[in-house]
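This report introduces a single protein chain to a reader who has not met it before. Please look over the sequence and the structure shown here before reading on.

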Amino acid sequence: MHSEKTILLHVCCGPCTIYPLKKLSSEGYEVIGFFFNPNIHPYSEYIRRRDALLAFAYQKGLKVIQEDRYLPELYFRGVAFREDTRCFFCYEMRLRETAQKAKEMGIDSFSTTMLYSRYQKHGKIKELGEKIAQDVKLSFVYRDFRVGWKEGIEESRSKGMYRQHYCGCIYSERERYKF
């Protein structure tokens, strides 16, 4: 059984985990990471992000749940013909899976490192997280982790961590080249 201050934190990569882990730990949370990111493409990128996260987690003593399920078809089926709203589907897919895993593990709250990025739509993530939490009778812990953006970048660079250049999906990779 987990304590009331245990939180399942959806994690997308090592660099984006640095500040949220520090912040939540400083608030007294026992943080457990959950790596579920079927949006990441291609597979080699998925592996690089996962492995960088696991190396960071090992250094920090962070337990990470990762199910070796690379499911890009789940993501593609959800966004096909809805590419303009793909981020909302992606947020919901990953938050819902995190909430379900938290429920299964007997953890009362969840959050996400997506709230660290200055490029994500925080209002939508918060809204979805709260709705999903209500659906599954858990708490969604919203924090604006963007305040630690610079700190996380500096630490990830000083550690020589792999730092990606796009959000994760094939569309965001394309957009980084401004086609």
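How exposed is aspartate 135, and what is its relative accessibility? In this predicted model, aspartate 135 has a relative accessibility of 39% and counts as partly exposed, because that value falls between the 20% limit for buried residues and the 50% limit for exposed ones.

## Aspartate 135 and its partners

The side chain of aspartate 135 meets that of arginine 96 in a salt bridge, with a distance of 3.5 Å from N to O. Arginine 96 belongs to helix H4 (residues 86-105) and aspartate 135 to helix H5 (residues 122-136), so the pair ties together parts of the chain that are 39 residues apart in sequence. Arginine 96, at 22% relative accessibility, also counts as partly exposed.

These two residues take part in a wider arrangement, since Glu92, Arg96, Lys131 and Asp135 are linked in a network of salt bridges.

## Other salt bridges

A search of the whole structure finds 15 salt bridges. One of them joins lysine 22 to glutamate 151, whose closest N and O atoms are 2.4 Å apart. This pair links distant parts of the chain, with lysine 22 in helix H1 (residues 15-26) and glutamate 151 in helix H6 (residues 149-158), 129 residues apart. Lysine 22 is partly exposed, its relative accessible area being 48%, and glutamate 151 likewise counts as partly exposed, at 30% relative accessibility.

A further salt bridge is formed where the side chains of lysine 159 and glutamate 155 meet, at 3.8 Å from N to O. Lysine 159 is partly exposed, with a relative accessible area of 36%, and glutamate 155 is partly exposed too, with a value of 21%.

## Strand S4 and its neighbours

Strand S4 (residues 109-112) has side chains on both of its sides: Ser109 and Ser111 point one way, Phe110 and Thr112 point the other way, and all are buried. In a regular strand, side chains alternate between the two faces of the sheet.

Strand S4 runs parallel to strand S1 (residues 6-11), to which four bridges join it, and in this pairing isoleucine 7 stands opposite serine 109. Strand S4 is also joined by two bridges to strand S5 (residues 139-140), again in a parallel arrangement, where serine 109 stands opposite serine 139.

Helix H5, which holds aspartate 135, appears here once more, as S4, H5 and S5 make a right-handed β-α-β unit.

Conventions: Residues numbered from 1 in each chain as written. Predicted model: local features only at pLDDT ≥ 70, side-chain atom pairs only at ≥ 80, totals over all residues. Heavy atoms only, no water. Salt bridge = Lys/Arg side-chain N within 4 Å of Asp/Glu carboxyl O. Buried < 20%, exposed > 50% of the residue type's maximum accessible area, 1.4 Å probe, protein only. Pairing = 2+ DSSP bridges. Right-handed = clockwise from strand over helix to strand, strands pointing away.
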